[in-house]
Structure formats: structure tokens, C-alpha cells
Amino acid sequence: MNTKKLTRYIGISMVLGIAVGYACHRYAQDAAHAEQIASYFSMVTTIFLRLIKMIIAPLVFATLVSGLASMTDGRAVGRIGLRAMLWFVSASFLSLLLGLLLVNVFQPGADLNRALPDAGASTSLKTGDFTLQGFLTHVFPSSIIQAMANNEILQILVFSLFFGAALAYVRRDGHTTIVNAIDELAKVMFRLTDYVMRFAPLGVFAAMAAVITTEGLGVLVTYGKLIGEFYLGLVLLWALLFGVGYLFLRRDVFRLGGLIKEPTLLAFSTASSESAYPKTIEALTRFGVPPRVSGFVLPLGYSFNLDGSMMYQAFAVLFIAQAYEIPMTFTQQLMLLLVLMITSKGMAGVARASLVVVAATLPMFDLPEAGLLLIMGIDQFFDMGRTATNVVGNSMATAVIAKMEGGESASPDEIAAASAEEQRA
């Protein structure tokens, strides 16, 4: 399905999902009945996301190993990795700082005047194992089969680095059978991606219908101010990302924006970065980014460059402090920024990661963890925006790093293959 058609179908599916969800919410007998109806929609979304997860591990492995094996200069890997990490740390800092500034300006929780919750109140989020030590040890896989089975992107990345380096060494001796096989595997995975993405509009429709069936449109009115202020912050963050991107890419940054429109919309509607990963790779290839660069930087960014999630975490912590009228000094907010810079790097592979990071951070500043209950009910709407922003941030980072690598471009064959996927009806 070509890109323009798929984008249009996803947009139509979102609107239809909202309309059908509103009708189901309106005529549901009670909340339990609405949950039951939503479960049928959620089943369709779950099937679509499982199809996406089915292709992520082999796609990441094939694209990254193929790229590494083609690199004749071993220092290029280290150089790309260093540039990527410098970008990720800078983008994380700016995202957190913007979130802190906006929540101080808007004061979204100032008028709630909530009483402190009971000491025993809990969000039921698992934060005990969420430590930097646990994250660092978790990065290295004990079994690549288990890592692929669980879609542990960072673990697959580590194994692929070792495997790709070894394959590049073997290739010098003229052994190219495995190299050719992995190149062909990458082509097969992109074809398989095309098949799976044909179900995207159905998955988007079901996702929107499910959330509106249970929450209704009223939740958008009740929390409209908070949601609106957060999305205004995301717009400013997007402007900042494109502004920095313009310094490196010049007018091509607008062409990149047009190419990533489809994966961004897909990430927004499903609130899943994984669903957008295959199409993001294709969009970057059409932009001219070599798969060996996108296949390395993009998976790394899924763990270290979640710009939308970072801004949300700063926004959420200060919102809760304001809601319970707990003042936070400038020094405390600066410490909060530094803490989130570190703790957020363990988000990869954690369910409801942004909420877990916030829940783990609140006790460090004597803030009630149960305050997260104020926004958990509408987290789906926040998740949609921050996930789409993560896609934009990682796409911009990958394109800029490719430009910094001497402006190298994807080969004509690679661009032609990606364009063929776009034009295929």
C-alpha cells in the first residue's frame, strides 16, 4: 500500500474509531458493559501490535548486521555511536528543561488543591527493580533467542554489534555467504513489513474505538486544559527539533518532515513506537539515510532518545507537586532534571515506562506516588502525543547523524527499493 493511501486510510480510521467509540460509550449500559465492548476492539489492536512485534526483532537484527558488515572502517561504528549519544543527551536535556519551564508557566495543577492521599495509597506500578544498576546489567543478553522472543531491542542491538563486527572481519577473508544471506533477510523483512502494514488502518480504528468507548469524549473536556497545555509543549518541542535539524539539513528538513508523516501518525494513533519502526526505516531510506546508519542509530534512540517521554515526565512530576500544593524550589527542580536524565535511560522494555519512571521518581522528592492516579486515567492521550514525538526526535537524530557522516546517502538501489514499496498499491 503506497504511503499516501496508507496515511489517508489511517486518518479516516482514527475519525471512524472516535465516532464508533463515542456511540458505544453513549449506549453502553454501564462502565462494566463499556469495558466489555472495548475489550473486543482491544483484541483487534492487540493482534495488530503482535504482528508488528513479530517482525521487529529480525528486522532490527538484519538491518543492523547488514550495515555493520558493509562498513570497511571499524572506527565508523564508534564515531556514529558517539555522535548519537551526544545528540541523545542534548535532546534529553532540552526536552526535560522545556517540560519544566512550561509546567512552571502554565501551573496546570495549581487549582486542584488536592488533599494528601493516605500513606497506603498505591498506583500498583512495579518500580522496585527500576534502577540504573538493573538497567545496565539488563542491557547485555544472556541469550539472543530470549532477547528476540521478548523483543528486547537494546539486547538485540548489543548482540548485533558483536555479530556484525565478527562478520565484517570474516568478510575480509572472502567469506560472503552469510553476508549475502543477511542482506536477503533484510529484503524479506521489508516485504513482510509491507504485508503487515496493510492491517494498520484496522488496528488504528480499533485502538481509538477502545479508548473512547471506555473514557468517552467527556474526559477530553474535563482534562482539556491539562491535555491542551501538554500538546502545546509538544508543538514547541517539535519546532525546536526541526529548528536544530534545519541547522544541519537546511531545507531538506521539511522534506524529512513529509516523509515521516506516516510513521508519526501511526505512532500517534496506536501509542506504540514499535508500530512505527518499520515505516520509519523506510522513510529515512527514501530521505537518503543509509540503512547501516538508520539501522544502528534508530534502535539506540528507542532506549536513549525518547524526547516526548522525557518532557512528559518533567511535566507530570511538577503537576503532581502543584496539585498537592507542595512547593519545589529551583534547586529541587534542577535536581529533578538531573535525576530524570539518569533514571529515564532505563525505560527500554518496561511496561508503561513513562509512568513507571514518574512513580519511581516521586518518592525521591517526598511527593506522593498515589498522585499519579490523577493522570493515569488519561495517560492514553498523553502516550499518543509523546510516542509520536519520540518518532520525530529519533528520525531527526538519525538524519542529522547521517549528514554529519560526510553527507553519505543511501545507495540508488536502496532508495529505489524503498520508493518501490511506497509506490506499490
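Trainee: In which helix is Ser 269 found?

Mentor: In this predicted model, Ser 269 is found in helix H12, which covers residues 261-270.

Trainee: Why is Ser 269 called buried?

Mentor: The relative accessibility of Ser 269 is 0%. The term applies under 20%, so Ser 269 counts as buried.

Trainee: Which residue is separated from Ser 269 by 8.6 Å, C-alpha to C-alpha?

Mentor: That residue is Ala 388, and the two positions are 119 residues apart along the chain.

Trainee: What makes Ala 271 notable in its phi angle, and where does Ala 271 lie?

Mentor: Ala 271 lies in the loop between H12 and helix H13, residues 273-287. Its phi is near 55°, a positive value in a residue other than glycine. Most residues other than glycine have a negative phi. As for accessibility, Ala 271 has 16%, and therefore counts as buried.

Trainee: Is Asp 366, which also has a phi near 55°, buried or exposed?

Mentor: Asp 366 has a relative accessibility of 68%. The cut-off for exposed is over 50%, so Asp 366 counts as exposed. Asp 366 is found in the loop between helix H17 (353-361) and helix H18 (373-376), and its positive phi again belongs to a residue other than glycine.

Trainee: How do you know that the span of helix H14 agrees with what is expected of a helix?

Mentor: Helix H14 holds 14 residues, 291-304, and at 1.5 Å a residue it should span 20 Å. Its end C-alpha atoms are 19 Å apart, so the two values agree. H14 is also mostly covered, with 13 of its 14 residues buried.

Trainee: What span is reached by helix H8, and what is expected?

Mentor: Helix H8, residues 200-215, has 16 residues and reaches 23 Å from its first C-alpha to its last. The expected value at 1.5 Å a residue is 22 Å, and the span is close to that.

Trainee: What makes H8 mostly covered?

Mentor: Of the 16 residues of H8, 12 are buried. Among them are Ala 200, Pro 201, Gly 203, Val 204 and Thr 213. H8 is followed by Gly 216, whose phi is positive, near 75°.

Trainee: Why is the pair of Phe 61 and Phe 163 called tilted?

Mentor: The whole structure has 12 aromatic pairs. In the pair of Phe 61 and Phe 163, the ring centres are 5.5 Å apart and the planes meet at 55°. Centres must lie within 6.5 Å for a pair, and stacked planes are under 30 degrees apart while edge-to-face planes are over 60, so an angle between those limits is tilted. The pair links distant parts of the chain, since Phe 61 belongs to helix H2 (residues 31-70) and Phe 163 to helix H6 (residues 153-171), 102 residues apart.

Trainee: How do the two rings compare in accessibility, and why do their labels read as they do?

Mentor: Phe 61 has 12% relative accessibility and therefore counts as buried. Phe 163 has 29% and therefore counts as partly exposed.

Trainee: What makes the lining of the largest cavity nonpolar?

Mentor: The lining divides into 7 nonpolar residues, no polar and no charged. The lining residues are Leu 226, Tyr 312, Phe 315, Ala 316, Phe 319, Ile 375 and Phe 382. Helix H15, residues 307-323, gives the most to this lining, with 4 residues. The volume of the largest cavity is about 40 Å³, and the structure holds 1 cavity of 30 Å³ or more.

Trainee: Which aromatic cluster includes Tyr 312, Phe 315 and Phe 382?

Mentor: These residues form one aromatic cluster with Phe 230, Tyr 231 and Phe 268.

Trainee: Why is Leu 241 called buried, and in which helix does Leu 241 lie?

Mentor: Leu 241 lies in helix H10, residues 224-249. Its relative accessible area is 6%, so Leu 241 is buried. Leu 241 and Met 396 are 155 residues apart in sequence and 7.2 Å apart in space, C-alpha to C-alpha.

Trainee: What does the model show over two of the spans that UniProt lists as "transmembrane region", 230-249 and 354-376?

Mentor: The UniProt entry, which is unreviewed, gives both spans among its "transmembrane region" features. Residues 230-249 are 100% helix and 0% strand, with end C-alpha atoms 28 Å apart. Residues 354-376 are 52% helix and 0% strand, with end C-alpha atoms 11 Å apart.

Methods: Residues are numbered from 1 along each chain as its sequence is written. This is a predicted model: local features need pLDDT of at least 70, side-chain atom pairs count only at pLDDT 80 or more; totals for chains, interfaces and linings use all residues. Side-chain values use heavy atoms; hydrogens and water are left out. The expected span of a helix is 1.5 Å times one less than its number of residues. Buried means under 20% relative accessible area, exposed over 50%, partly exposed in between (1.4 Å probe, protein chains only). On a 1 Å grid over the protein atoms alone, a cavity is a set of points where a 1.4 Å probe fits but cannot get out, and a pocket is an open set with protein on both sides within 12 Å along at least five of seven lines; lining residues have an atom within 4 Å of a point. Grid points are joined across faces, edges and corners, and a volume is the space filled by probe spheres set on the points. Ala, Val, Leu, Ile, Met, Phe, Trp, Tyr, Cys and Pro count as nonpolar, Asp, Glu, Lys and Arg as charged, and the others, Gly among them, as polar. UniProt positions are given in the numbering used here, feature names are shortened, and annotations may be inferred rather than shown by experiment. Rings of Phe, Tyr and Trp (its six-membered ring) pair if their centres lie within 6.5 Å; planes under 30 degrees apart count as stacked, over 60 as edge-to-face and the rest as tilted.
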